[in-house]
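Hi everyone, thanks for coming. Could you pull up the sequence and the structure on your screens so we can look through them together?

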Amino acid sequence: MPLSLSRRAALVLALSLNVANVAAPRAASAAVGSAGTLSWHRCASSSSDAIGRTLDRAGAQCAELEVPLDHDHPSDGRTISLAISRLPATTPGARHPALAINPGGPGVPALDQVLLGIVEPALRRYDLIGMDPRFVGRSSPITCTWPTGTPLRSAGATASSFAAAASFQRSLADGCRDAAVARLPYATTAATADDLDRVRAALGVPRLSYLGVSYGTMLGAVFLHRHPNRAGRVVLDSAVDPALYGPRLLSQSGPALEGALRHWAARTAARGSSLGRDGAAIVRTVRALQRTASVRPIDLAGQRIDGSILPVLLMGALADDSPQSYATLARDVEALRAGALGGHARRPSVRLREQLADLLTADGPAADRAGQPIICGDRGAPTDPGVYAADIDAHRAAEPLFGPVVRNIGPCAFWPQPTPADAPLDVSSRAPVLMVGADHDPLTPRAGQRAMHRALGGSRLVLQRGAWRHGAFATGSRCIDRAVLAYLGAGRLPRPGAACAAPGRP
């Protein structure tokens, strides 16, 4: 399932951009670059295009690039249009290197990622490049008809709840049946990596540097593997396990998420909380809420939260271990408990309201809905529901809250198009790469990051000890930030085995 939860790592810029406000593709009157050419223009397509207007205020430019639908047969004439943004470098010089930034997903638009240069001025020696991946955002989008923004759901604790989950996932797959079916076979990470090389060529640079977060690390690794002589300096933040990447990518994240829950609970108890006298008591409170929601949905500000979505709400919050995020989660759990007891619940946080909108309506950011064709197009998934049910049951004792989510069946099991074999993508490379991450990442656990490190034989991996977040760069660790900026700025890789101290320590 897509890792769109990683978007918080890329939007730490505090620019309050909302993906839901991305406008439709520009009107036909806008010039679209022919194959290999770019025609730069203002980014806002209308007065209501919040992201476009923010890009314009920052001095960014936008363009469209025509690329082959099928990179293996470019001469057949079928093309799509990619939406691209650029924030020009501010350092003197006639020609600057280009740095493309991808925030994860798949399915997350990336035009706004150039705004990272506003927060990290050290990046401005580069022309910063954002590209909405093919079939996402403004890049010839494929739109599945879903009543939700994400397929993430818990399978629950019973055979009937698992059957309901499987039925829901089948309906999501059916919702993609009529979504530009002729283009679904070309919704792949390999094709997106080839798009990056087309963008590089259109920019007129010999090498394209790259910064990718979460799923963006897989895209970066595939780009490096497929175009080794066209890649510049590559930074991969919170890397996915290349052997797991595909429809079951999150299946090994259950223990890390359970650990993150215990860590949040201990921190919350240390500050004093009505949820419990210590961390273990707070964890019991959360699990009791899950049992209650599975029997009787919790009413919170007019939204009904049942056992299929409560753990998903927690997953999103546990991806950020900042004191502010942990405090917000504690207040939201207090509100959920009040709702479960039938009392007056305080208004949920903005974050929780946004998560509920994404889960319960089709009005949220919908990164997963846009990215599902890529997940299913990259790798096959088991089609027998019994495989998933058995996997959940085998891990239920160790992963009671999150195992039924991360090991659940997904839309790819019912996909309307033939899917490739259940085999990992090849990302092997000896090129120098900088990898950074958190030691206790709840979504892309340390073991998976190390697996990517081994696959990229020339890479150096720097983990921040004691960090429980998804996304390491530009999230508060000066040590991680220094490593990234030293590599992007001067090409200096850290020594093998380098690590960063835990938050709050020198």
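I'll walk you through a sheet, one strand inside that sheet, a single residue, and a pair of helices.

Before we start, please keep in mind that this is a predicted model.

Let's begin with the sheet. It is an open sheet built from nine strands, and if you step across it you meet them in the order S1-S2-S4-S3-S5-S6-S9-S10-S11, with mixed pairing. Which strands stand at the edges? Those are S1, residues 61-68, and S11, residues 499-500. Each has a single partner strand, so one side of each is left without a neighbour in the sheet.

Now let's zoom in on S4, which covers residues 127-131. On one side, S4 pairs with strand S3, residues 98-102, in the parallel sense, over four bridges. You can find Ala98 there, whose bridge partner in S4 is Asp127, and Leu99, which stands opposite Leu128 of S4. S4 also pairs with strand S2, residues 79-87, this time in the antiparallel sense and again over four bridges. For that pairing, look for Ser85, whose bridge partner in S4 is Gly130.

Are the residues of S4 buried or exposed? Five of its five residues are buried. Asp127, Ile129 and Met131 point one way from the strand, while Leu128 and Gly130 point the other way, and all of them are buried.

Next, let's move along to strand S10, residues 459-464, and pick out Val462. Val462 has a relative accessible area of 3%, which is under the 20% cut-off, so this residue counts as buried. What is Val462 in contact with, leaving aside its neighbours within four places in sequence? Its partners are Leu434, Met435, Val436, Gly437, Ile480, Pro494, Ala498, Ala499 and Cys500. For a sense of scale, try Arg331, which is 131 residues from Val462 along the chain: the C-alpha atoms of these two are separated by 33 Å.

Last stop, the helices. Find H7, residues 254-271, and H8, residues 279-295. Their axes come within 8 Å and cross at roughly 120°, which makes H7 oblique to H8. The crossing is right-handed. On the H7 side, the residues that meet H8 include Leu261, Trp264 and Ala265, and on the H8 side, Ile282, Val283 and Val286 are among those that meet H7. The residues of this contact divide into eight nonpolar, two polar and three charged.

That's my tour, thanks for following along!

Terms used. Residues numbered from 1 in each chain as written. Predicted model: local features only at pLDDT ≥ 70, side-chain atom pairs only at ≥ 80, totals over all residues. Heavy atoms only, no water. Axes fitted to C-alpha atoms, helices over the stretch in contact; angles between N-to-C directions. Helix = DSSP H or I, 4+ residues; strand = E, 2+ residues; numbered from the N terminus. Parallel < 35°, antiparallel > 145°, perpendicular 65-115°, else oblique. Left-handed = near helix turned anticlockwise from the far one by under 90°. Contact = heavy atoms within 4.5 Å. Nonpolar A, V, L, I, M, F, W, Y, C, P; charged D, E, K, R; others polar. Buried < 20%, exposed > 50% of the residue type's maximum accessible area, 1.4 Å probe, protein only. Pairing = 2+ DSSP bridges.
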